[in-house]
Each structure stands twice: as structure tokens, then as C-alpha cells.
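Visitor: I should be grateful for a close look at one single part of this protein, followed by an account of the whole to which that part belongs.

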Amino acid sequence: MSSTSRASFGSKFGIIMAAAGSAVGLGNIWRFPIETGQNGGAAFILIYIIAIALLGVPLMVAEFFIGRHAHTNAAHAYKKLSSHPFWSNIGFIGVLGGSLILCYYVVVAGWVLKYMFLSLDGTLSTLFTPGDASGYESLFGNFVSSTWSPLIFMVLFVLMCHFAIAAGVRKGIEKLSKIFMPALFVILVVLVGFSLFAPGAQEGLSFLFHPDFSKLTTSSVLSAIAQAFYSLSLCMGCLCTYASYFGKDVNIIKSAVSISVIDTLVAIMAGLIIFPAVFSAGISPQSGPSLAFIALPGAFQQAFGAVPAVAYIVSVLFYALLVLAALTSAISLYEVPTAYIHETWHIRRRYAALVVTAVCLMLGTVCSLSMGVLGDLHLFGKTVFDFLDYFCTTIMMPLSGVFIAIFLGWVVKRDIFMDDVTNGRTLRAAPAGVIHWLLRWVAPILLFAAFLGVLGVI
Ligand code: PHE
């Protein structure tokens, strides 16, 4: 495929919205509060922000550089910078990882969609009994372990992604991101406003903002790094693929910093919505993955129950927010294998998207059923769903991160990086120099240490 006929984003705003759309997702609104709750609150957030600055931004710049420089899909991009058989193929890890994440991401996104309907039709408010979450517990337990209902919602969600992707880079991804992301910010601000007025909000705020370093362990530091990678959509081919649609005039470093700031702000705002409500309702912040589906529906009713209409609105808006966030992230995951198939097999985007949809539906079905009838099917002692999440976020993402950092720090010539990132030396060189230094020294060492941590060596 010639580079002139290749798709591209239409505007810088579109680029920021699409990439921020990839980053802002269930990771910010569902996973971040869980991780923060389980790892002691403010101290975890501090480590998380350090991980974003030292690892997240440099790796995002690296992926943007590789994608824009190569102007092709994530698997083939590395070949344009190295002919060595090992380095030229590390992009495949991203394509594989991104595709696998997609298959379980759509399952949770399906749950979120279902919960949006449950809050719309009032089910979530009628189930409320003060001080007793058993109604929500059985609702969630029965739903995820059933066969058809979660599958139907997953299929609905996959179809939405499919049509967005099939519409193309500008008319699908960019257009939707330009509508969905501002809508998401408006909902966030409204929800933060409500939450700050919940009775007892103070306790939630101090949990979020007063660090207790005694709660920090090696494993919480590792979780902060994994969360930073997951939340910024790093090393799974998404950012590299999106950057292949960037124009030559895009300031890569500025974009990476803006996207990282937006992503972190959204995560903290999600914390500001969730923890005041959770503390106000007297729920433990450590409730884990079920937080959004078991604890929160009750927490919203409890916190805003004095005015039932507010409780209803908050609940509907919250799940709508999750759906929007999940959609733009899933679309970026979809684009990785779609661009790869489209450019490798030389078939139309629409047909490439069909292949991705078919595979995603098959694997997604197995993941969804692993909560119920396939619950006994175990891979390395975990259900298929848990195994995929663990394998992708704890092994593939940091592994791919180490390779990308070493590739840029040591294999690609520094001059090529500096020329490209400064847009042909028209931008200041110092920030690019700092990023290169972080990629060469800090990222490989920190990520290697993180790996030893995962293996239990440190
Ligand atoms: N960053 C997304 C989120 O926060 C998840 C994601 C991970 C998307 C990796 C793409 C690649 O939900």
C-alpha cells in the first residue's frame, strides 16, 4: 500500500481526542479506583504519577515516534527501523497483546452496557436496601455467571466497535472521539460536583489525598507501574498504530504530555466520584473488581438517597460515562489488528474489521463463559478471563516496554530519533534529549526491576 493513499487524522484536536480516548477507559474509571483502594490510597497515587512521568511519557513518545516514522501498522513499523530479526519483530508482541486485551475488555464493557440499562430502567434503585448489598451481589453474580445475557451485551458492544472501525480513521475513530471525549469530560465534572456534596465526602477525600507510606509494599509499587501502562494504553500497539496516522507537524512530546495529563486527571476525578460515595455509604474501599457493580450502585443510592432523582441521575450518568470511555479504548484496540490485517493481506478495512470481529467474538465468548459454565477451565490455575488479564498486563505489557525502551535507547540511532521527534530540528532539542535519556537508562532498569519483582526475586 503506498503511503500517499494511507489514512490520516484530520486535525490536532482529533489526534489528542483519539489518543486520549484510547487511554481513558475502564482502566481509569473501573481499575484505577480498585487498585487505589487495595493499595492504600494516596501513597499509591503518588507512585503511579512518578511511573507515568518516568516510564509512561517516554514510552508514549517512543511509540508515537515509531508509528509516525514508519507510517505503517504496529507489527511492521519496527522493521522500518531495524532489519535485525529480533528487533524488527517486537511489534508483534503489541499486536498480539492488544488483540488479547480486546477479547476480555469487550466482556467487561458488555457488563457496563447492561448496567447502564439497569440504571436507566430503575432496577438499580429499586434493589437498594440500606446497609445490605446482598441484592446487588446476587444481581451481579447471577448476571456474569449466566450464559446468554452477558454474551448479548458483549455482542452489542462489539458491533458498536465494529461499525466505528469499519467507518474509517477520520469518519469513524476521529469523529467519534471528538464527540465522545468532550461528552465524557462534561459527565465527569457533573459527577464530581455531586459526589463532593455527598454526606461524609471528607473521609473519601482524605483517603485519596493523604499518603500513608506504611501501606506501600513492593507489590503495590508493581501494581502502580502495571496500572500506569494499562491506563496509558502503552506497548500494545494502539499508540503506535494511531501515530502512523499523524502528520509530520504534530509535536509528539507535547501530545504525549497532554494525553498523560488528561488520563491522570480523569483517573483522579473518577476517584473523586467513587471514594466520597463509597465512604459516605460506609463501604470498604478495598471491595475489589466488583466495586463498580456491587458497591457503587448502593453507594450512589445511599449517598444521594435524600433526593432520589439525584441518585437516579448520578447512577445513569456514571454507567454512561463508563460506556463512552470503554468504547473509545476498545476502538483503539480494534484498530491494531485491523490495520495489521488490512495492510498485510491487502484487503479492505471493512473486511479486515470483520475478521477481527469474528475472532473477538469467539475468544470474548470463552472469556465471558469463564465466569459461568466454563469456570472450571483453568490456564495456569486461573480462569481464562483472569489469565488473559494477568498475562497481558503483568507480563506482556512490561516485557514489550523493556524491548521498546532498549530498542529506542540502544538500537535505533539517536540522531534519527532526535530529528524525527523535533520535527526536523524545528522544535527544541532538550525535551527530546531528556526522553531519550530516560528511555536509554531509566526505563530499562526500572522495568527490569519490576520484572524481578513479578518473579518474586525482589
Ligand atoms: N487504556 C485503556 C483503559 O484505561 C485500556 C487499554 C489498554 C487500551 C491497552 C488499549 C491498550 O481502559
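Guide: The buried residues of helix α11 include Ser-220, Leu-222, Ser-223, Ala-224, Ile-225 and Ala-226, and the list continues with Gln-227, Ala-228, Phe-229, Tyr-230 and Ser-231. The model is a predicted one. Eleven of the 14 residues of α11 are buried, so the helix is largely enclosed by the rest of the structure; buried here means under 20% relative accessible area. Helix α11 covers residues 218-231. From its first C-alpha to its last, α11 reaches 20 Å, close to the 20 Å expected at 1.5 Å a residue. Just after α11, Ser-233 adopts a positive phi of about 60 degrees.

The setting of this helix is as follows. The protein contains 19 helices and two strands. Its radius of gyration is 21 Å, close to the 23 Å that the globule rule gives for 458 residues, so the protein is as compact as a globular protein of that length. The C-alpha trace spans about 65 × 50 × 45 Å along its principal axes.

Burial may also be considered for the protein as a whole: 60% of its 458 residues are buried. Of the contacts between residues at least 6 apart in sequence, 81% join residues at least 24 apart.

As to the surface, the accessible area of the protein comes to about 17300 Å², and carbon and sulfur atoms account for 69% of that area. The protein carries 23 positive and 18 negative side chains, and the centres of these two sets lie 15 Å apart.

Key. Residues numbered from 1 in each chain as written. Predicted model: local features only at pLDDT ≥ 70, side-chain atom pairs only at ≥ 80, totals over all residues. Heavy atoms only, no water. Helix = DSSP H or I, 4+ residues; strand = E, 2+ residues; numbered from the N terminus. Rg over C-alpha atoms; globule rule 2.2 N^0.38 Å. Buried < 20%, exposed > 50% of the residue type's maximum accessible area, 1.4 Å probe, protein only. Contact = heavy atoms within 4.5 Å. Areas by Shrake-Rupley, 256 points an atom, 1.4 Å probe, with all protein chains shown as cover. Lys, Arg positive; Asp, Glu negative; His and termini not counted. Charge placed at Lys NZ, Arg CZ, Asp CG, Glu CD. Expected span 1.5 Å × (residues − 1).
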